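I opened this entry to keep track of what I looked up. I go from the whole chain down to single residues.

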Amino acid sequence: MTEERKIHRFYLILAITALLSIGVTWLMLFLTRPVLTEPAVTVWTQTMPPVQYQDKINVNEATVEELAYAEGIGPSTAQKIYDFLRQNGPVHEMSELNAVSGVGEKRIEALEKIFYAG
């Protein structure tokens, strides 16, 4: 066997070995992949209900920034609530915030998800 044929044979064996390795790897991955019955990723903002807060904040001690975090409460309404609490003292029930201009039942419900009165 000539030297040129030995080199040609070596590269042929190398190519076949590489292709077999790739084929075996692909086959192993294909045969062992998990069967998904649901989408692997669930986007919580579209499919999951809002998280219920475990540790609520006392509304009487909340900052303007914390108040504005509640859904439907903007910076101006948060400032009104904050000013109301500073002028009138602490509230004992969240419904007392109805006295604040621009705060109604829906906004109180949004506040109750994050805050408690006490």
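My notes below cover the fold, the core, a few single residues and one surface patch.

**Overall layout**

I am working with a predicted model. I counted the elements first and got five helices and two strands. I then read their order from the N terminus: α-α-β-α-α-α-β. I looked up burial next. Of the 118 residues in the chain, 20% are buried. I noted the exposed surface too. It comes to about 9500 Å², and carbon and sulfur atoms supply 61% of it. I also checked how far apart in sequence the contacts reach. Among contacts with a separation of 6 or more, 51% join residues 24 or more positions apart.

**The core**

Which residues have the most contacts inside the largest nonpolar core? I found V59, L67, I81, M94, L97, L111 and F115, in a core of 20 residues. I then asked which elements give two or more residues to this core. They are α3 (64-68), α4 (75-88) and α5 (105-112). The top contributor is α4, with four residues.

I followed V59 outward. Leaving aside neighbours within four places in sequence, I listed its contacts as L67, L85, V91, M94, L97, F115, Y116 and A117.

**N58**

I placed N58 in strand β1, residues 57-58. Is N58 buried or exposed? Its relative accessibility is 8%, so I log N58 as buried; the cut-off is under 20%. I looked for a partner for its side chain. The side chain of N58 reaches the backbone nitrogen of N60 at 2.9 Å. Beyond four places in sequence, I found N58 in contact with Y116 and G118.

**N60**

I moved on to N60, in the loop between β1 and α3. I log N60 as buried because its relative accessibility is 11%. What does the side chain of N60 have within polar reach? I found the backbone nitrogen of V91, 2.8 Å from a polar atom of that side chain. So N60 enters my notes twice: its backbone nitrogen takes the contact from the side chain of N58, and its side chain faces the backbone nitrogen of V91. With residues up to four places away left out, N60 touches L85, R86, P90, V91 and G118.

**R86**

R86 was on that contact list, and I looked it up next. I found R86 in helix α4. At 41% relative accessibility, I count R86 as partly exposed. How far apart are the C-alpha atoms of R86 and N60? I read 8.5 Å, for residues 26 apart along the chain. Not counting residues up to four places away, R86 touches N60 and A62.

**K113**

I found K113 in the loop between α5 and β2 (115-116). K113 has a relative accessible area of 36%, so I log it as partly exposed. I then compared its position with that of K56. The two are 57 residues apart in sequence and 7.7 Å apart in space, C-alpha to C-alpha.

**A surface patch**

Last, I looked at the surface. Which residues form a nonpolar patch there? I found I7, F10, Y11 and L14, with about 440 Å² of accessible area together. I placed F10 in helix α1, residues 3-32.

Methods
Residues numbered from 1 in each chain as written. Predicted model: local features only at pLDDT ≥ 70, side-chain atom pairs only at ≥ 80, totals over all residues. Heavy atoms only, no water. Buried < 20%, exposed > 50% of the residue type's maximum accessible area, 1.4 Å probe, protein only. Polar contact = N/O pair within 3.5 Å; in protein donor to acceptor, adjacent residues only side chain to side chain. Contact = heavy atoms within 4.5 Å. Patch = residues over 30% accessible without salt bridge, like charges linked within 9 Å, V, L, I, M, F, W, Y side chains within 5 Å. Areas by Shrake-Rupley, 256 points an atom, 1.4 Å probe, with all protein chains shown as cover. Salt bridge = Lys/Arg side-chain N within 4 Å of Asp/Glu carboxyl O. Core = buried A, V, L, I, M, F, W, Y, C linked by side-chain atoms within 4.5 Å.
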